[in-house]
Amino acid sequence: MKHSKYICVFCGSSHGSNPIYAKAARLLGKEIAKRGFGLVYGGASVGIMGEIADTVLEAGSEVIGVIPERLEKEVAHKGLSKLHTVGTMHERKALMYELSDFFIALPGGFGTLDEIFEALTWAQLGYHPKPCGLLNTAGYYDELLNFLKKSVREGFIKKEHFEMLCVAKSPAALLDNMTAYRPPSLRKWF
Ligand code: AMP
């Protein structure tokens, strides 16, 4: 491995309706490369996934894609440092989690939410100590964060577990928070 840390980024396979989301993907890509880190992501050339991959490559850092066979022919990025092709979506997530030190969600849809919540669920259960973060570009995740606070109030998420999720509006602040992250001692069951 070439870099001290690999940052796994989950993000939209679409561009979204506002160019600010693609801009955020490029800013995060630049910040990852500036810190000497590598990128792990879903391996596609489409949406803001493609934006972040291109930015990190242009800045000279390694980009590792992990894509299931079904999607490879249609949307795989052809210029990555490395592309792992796996059989299933489950294998893909397991490999992305294994290869990475941090997990970040940029704005995105079902795929992005599924990936970051699975990483967070595993952290909550103590399967890994790696930080999970949301890049809350232009308040994209405000309503989701309010809903999660409701889950805390209603007794479905412990406050300590909610606080495991690092949140910031800028890539630099988010990576700083995540670098300072220490997993809580409170496990969900043990
Ligand atoms: P979504 O947020 O629903 O656009 O899904 C994006 C996330 O799910 C990414 O982080 C990918 O890992 C995965 N994903 C969804 N669609 C694709 C696609 N067409 N190609 C590659 N990965 C995808």
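**Exercise 1. Work out which residues of α1 meet which residues of α2, and how the two helices are oriented to each other.**

Solution. Begin with the contact, where contact means heavy atoms within 4.5 Å: Y21, A22, A25, R26, L28, G29, K30 and I32 in α1 meet I48, E51, I52, T55 and V56 in α2. Sorted by class, this contact has eight nonpolar, two polar and three charged residues, where Ala, Val, Leu, Ile, Met, Phe, Trp, Tyr, Cys and Pro count as nonpolar, Asp, Glu, Lys and Arg as charged, and the others, Gly among them, as polar. The helices named here (H or I, at least four residues), like the strands (E, at least two), are DSSP runs numbered from the N terminus.

Next, take the geometry: the axes of α1 and helix α2 (residues 47-58) come within 8 Å and cross at roughly 30°. Such axes are lines fitted to C-alpha atoms, for helices over the stretch in contact, and the angles run from 0 to 180 degrees between N-to-C directions. Angles under 35 degrees count as roughly parallel, over 145 as roughly antiparallel, 65 to 115 as roughly perpendicular and the rest as oblique, and α1 and α2 are therefore roughly parallel to each other.

Finally, α1 passes α2 in a right-handed crossing; a crossing is right-handed if the near helix is turned clockwise from the far one by less than a right angle, and left-handed if anticlockwise.

The model is a predicted one, in which local features need pLDDT of at least 70 and side-chain atom pairs count only at pLDDT 80 or more, while totals for chains, interfaces and linings use all residues. Residues are numbered from 1 along each chain as its sequence is written, and side-chain values use heavy atoms, with hydrogens and water left out.

**Exercise 2. Decide whether T55 and E58, both in α2, are buried or exposed.**

Solution. The scale is the relative accessible area, where buried means under 20%, exposed over 50%, and partly exposed in between (1.4 Å probe, protein chains only). T55 has its place in helix α2, and because its relative accessibility is 7%, T55 counts as buried. Not counting residues up to four places away in sequence, T55 touches R26, G29 and K30, and these three residues appear in the list of α1 residues that meet α2.

E58 also has its place in helix α2, but at 69% relative accessibility E58 counts as exposed. The C-alpha atoms of E58 and A33 are separated by 9.3 Å, although these residues are 25 residues apart along the chain.

**Exercise 3. Describe the crossing of α1 with α8, and then find which residues of α8 are buried.**

Solution. The axes of helix α1 (residues 20-34) and helix α8 (residues 171-180) come within 9 Å and cross at roughly 50°, and α1 and α8 are therefore oblique to each other. The contact is made by A24, L27, L28, E31 and I32 of α1 together with P171, A172 and L175 of α8. By class, it has seven nonpolar, no polar and one charged residues. As for handedness, α1 passes α8 in a right-handed crossing.

Turning to burial, the buried residues of α8 are P171, L174, L175 and M178. Seen down the axis of α8, these buried residues fall within an arc of 95°, so they line one face of the helix; the arc is that of the directions from the helix axis to the C-beta atoms. An α-helix has 3.6 residues a turn, so residues three or four places apart point the same way. The cover over the buried residues of α8 includes α1, β5 (102-105), β6 (132-135) and β7 (165-168).

**Exercise 4. State how α4 and α5 pack, and which residues meet.**

Solution. Helix α4 (residues 89-99) and helix α5 (residues 110-124) pack at an angle of about 60°, with their axes 11 Å apart, and that makes α4 oblique to α5. The crossing in which α4 passes α5 is right-handed. From α4, the residues R92, K93 and Y97 meet D114, E115, E118, A119 and W122 in α5, and by class this contact has three nonpolar, no polar and five charged residues.

**Exercise 5. Compare S151 and L144 of α6 by their accessibility and contacts.**

Solution. S151 lies in helix α6 (residues 142-153), and at 11% relative accessibility S151 counts as buried. Leaving aside neighbours within four places in sequence, S151 is in contact with F156 and I157. L144 also lies in helix α6, but L144 is partly exposed, with a relative accessible area of 22%. With residues up to four places away in sequence not counted, L144 touches L113 and F117.
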